[in-house]
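Student: Could you zoom in on one spot of this model for me and then work outward from there? I'd like a connected tour rather than a list.

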Amino acid sequence: MTDEEFVAQLQVAVNDWVYLVQASGGHIKRAKSFWYITLFDFVNGVATPRRLPSMSSLRLTIPQPGGTDVTIPLQDFDHSSKSLGVYSSPSNSGVGQVDAIKEKGLTWAAKASSSPLRPKEVWHSLTLQLYPSMFFGSNCISADPQYLDDAIHSVYYQSLSSLGVNRHITRAFRTLPARYQGLGLREPNLEVLSAKICVHIVTLVRTLMMVLFFTSGI
């Protein structure tokens, strides 16, 4: 089977799915649509993913309500795209989500430094605005722990002056609990780990409840 024949089968499946969405009153917008396909070339027994330029001839379309078809963009396997508020890619590097978090945090830090807010008020903004924004979807982060740590601490570094703290304090004191004379800023890798553990616990509880439901004969 050639690549084109494989994509043709994908096209049939996509059309059926879009028609079902349209039948229920929905609409698939091109602006929110993209697709990935991971193809490999084998050289001396080693699989190497193909890059986008070598797959530029592949096309996938989505039917529109007016009867026309529009082409949706093909993304490279390591290109991070936003879906449900989280950036991800088939390569699962997690870099895209971390870069988005860093950009969001640095934007907040720049606004805080130019605002008339007092340090106490900036702390409130950090807790109630920045933290939920940065750590949303943290259970999906799969980036290298050091890469995540460096990204978040670059945000902390830019924010310390607005928080009324000398930004040149030892890095460890940023996330050290207040009982040990630290600032108590959130440790990024612990946030990610705790979020993943919570997801696993919720999944386990739901599975056990389903097992009990069906085995009890209710």
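Tutor: Let's start at L84, which has a relative accessibility of 81% and so counts as exposed, the cut-off being over 50%. Keep in mind that this is a predicted model. L84 sits in the loop between β5 (81-83) and β6 (86-88). Its backbone deserves a look too: L84 is not a glycine, yet its phi is positive, about 55 degrees.

Now follow the chain past β6. N92 is in the loop between β6 and α2, and here again a residue other than glycine has a positive phi, near 60 degrees. N92 counts as exposed as well, because its relative accessibility is 52%. For one more positive phi, go back to the hairpin made by β1 and β2, where 2 residues lie between the strands and N44 in the turn has a phi of about 55 degrees. The two strands, β1 at residues 40-43 and β2 at residues 46-49, pair in the antiparallel sense over 4 bridges. In that pairing, F42 has A47 of β2 as its bridge partner.

Back to α2, and on to what is packed around it. The largest nonpolar core has 23 residues, and W108, L126, M134 and I141 are the ones that touch the most other members. α2, α3 and α4 (145-159) are the elements that give two or more residues to this core. Apart from it there is another core, of 14 residues, including V18, W35, M55 and I62.

Take L126 from the core of 23 residues. Leaving out residues up to four places away in sequence, L126 touches W108, Y131, L163 and L185. W108 turns up again from the side of S159, a residue of helix α4. With the same kind of neighbours left out, up to four places away in sequence, S159 touches W108 and A109. S159 counts as buried because its relative accessible area is 2%, and the cut-off is under 20%.

W108 also helps to line the largest pocket, along with K104, T107, K111, A112, S115, L117, S125, Q129, L130 and S133. That pocket holds about 170 Å³ of space. Both α2 (95-113) and α3 (119-134) supply at least two residues of the lining, with α2 giving the largest share, 5 residues. If you're thinking about chemistry, the lining divides into 4 nonpolar, 5 polar and 2 charged residues.

Last stop: F135, in the loop between α3 and α4. Being in a loop doesn't settle whether a residue is covered, so look at the number: F135 counts as buried because its relative accessibility is 9%. Set that against L84, another loop residue, which counts as exposed at 81%. What does F135 touch, leaving aside its neighbours within four places in sequence? The contacts are Y156, R186, P188 and E191. For a sense of scale, F135 and A23 are 112 residues apart in sequence, and their C-alpha atoms are 37 Å apart in space.

Conventions:
Residues numbered from 1 in each chain as written. Predicted model: local features only at pLDDT ≥ 70, side-chain atom pairs only at ≥ 80, totals over all residues. Heavy atoms only, no water. 1 Å grid on protein atoms, 1.4 Å probe; cavity = no way out; pocket = protein on both sides within 12 Å on 5 of 7 lines; lining within 4 Å. Points joined across faces, edges and corners; volume = space filled by probe spheres on them. Nonpolar A, V, L, I, M, F, W, Y, C, P; charged D, E, K, R; others polar. Core = buried A, V, L, I, M, F, W, Y, C linked by side-chain atoms within 4.5 Å. Buried < 20%, exposed > 50% of the residue type's maximum accessible area, 1.4 Å probe, protein only. Contact = heavy atoms within 4.5 Å. Pairing = 2+ DSSP bridges.
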